[in-house]
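Let's walk through this fold together, one piece at a time. Have the sequence and the 3D view open side by side as you read.

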Amino acid sequence: MAKSYLIPLILLLCAACFSRSAMMTYSDYGAIEIGSPIAKVEEQMGSPYAIHNKKDGTQEYEYIERIDSGNNVVAENHYFLIIQGGKVVGKYMDRQNPPAY
């Protein structure tokens, strides 16, 4: 009887290890308005890939969208939100292509 509970528990733990955080898309990025509370953004998009503390006291939240074709990543969109006082005060994006090797 105990073994019947063990297998689903192990599968659940494995699934949690390989789950991905929420991903931001171009459409999601476009919908974020200046003045939005960062807590609301994190609630909808999940935790950012990185948070960069800037010298001027602002924080830069970085989200990454990987665009793939089959098993190959063909581009990455990096979305940056500038945070001050718990609110989005600016944003920009950068598209990067992986090396061609």
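**Strands, hairpins and a core**

Start with the central pairing: strand E2 is joined to strand E3 (residues 72-84) by 11 bridges, and the two run antiparallel. One pair to look for is Ile67, which stands opposite Ala75 in E3. E2 and E3 form a hairpin with 2 residues between them, and Gly70 in that turn has a positive phi of about 70°. Keep in mind as you click around that this is a predicted model.

Now go back along the chain to strand E1. E1 covers residues 50-53 and pairs with E2, residues 59-69, again in the antiparallel sense, over 4 bridges. Two of the residue pairs are handy landmarks: Ala50 has Glu62 as its bridge partner in E2, while His52 is partnered by Glu60. This hairpin has 5 residues between its strands, and Gly57 there takes a positive phi near 95°.

Put these pairings together and you get the whole sheet. It is an open sheet of 4 strands in the order E1-E2-E3-E4, with antiparallel pairing. So which strands sit at the edges? They are E1 and strand E4 (87-96), each of which pairs on one side only. Look at how the strands are turned, too: neighbours in this sheet are rotated by 25° against each other on average, ignoring direction.

What about the helices? The chain has 3 helices along with its 4 strands, and read along the sequence the pattern is α-α-α-β-β-β-β. Helix H3 (residues 38-45) is the one to find next: H3 lies across E2, E3 and E4, and runs at about 25° to E2.

With H3 and the sheet in view, turn to the side chains. In soluble globular proteins, nonpolar side chains tend to be buried together. The largest nonpolar core here has 12 residues in all: Met24, Tyr29, Ile32, Ile38, Val41, Met45, Tyr61, Tyr63, Tyr79, Leu81, Ile83 and Val88. H3, E2 and E3 each supply at least two residues of this core.

Finally, zoom out to the whole chain. Of its 101 residues, 27% are buried. The chain exposes about 7400 Å², and carbon and sulfur atoms supply 56% of that area. As for how the chain meets itself, take the contacts with a separation of 6 or more: 35% of them are between residues 24 or more positions apart.

Technical notes. Residues are numbered from 1 along each chain as its sequence is written. This is a predicted model: local features need pLDDT of at least 70, side-chain atom pairs count only at pLDDT 80 or more; totals for chains, interfaces and linings use all residues. Side-chain values use heavy atoms; hydrogens and water are left out. Two strands pair if DSSP finds at least two bridges between them. Axes are lines fitted to C-alpha atoms, for helices over the stretch in contact, and angles run from 0 to 180 degrees between N-to-C directions. Contact means heavy atoms within 4.5 Å. A nonpolar core is a set of buried Ala, Val, Leu, Ile, Met, Phe, Trp, Tyr and Cys residues joined through side-chain atoms within 4.5 Å. Buried means under 20% relative accessible area, exposed over 50%, partly exposed in between (1.4 Å probe, protein chains only). Accessible areas come from the Shrake-Rupley method with a 1.4 Å probe; for residues, only the protein chains shown count as cover.
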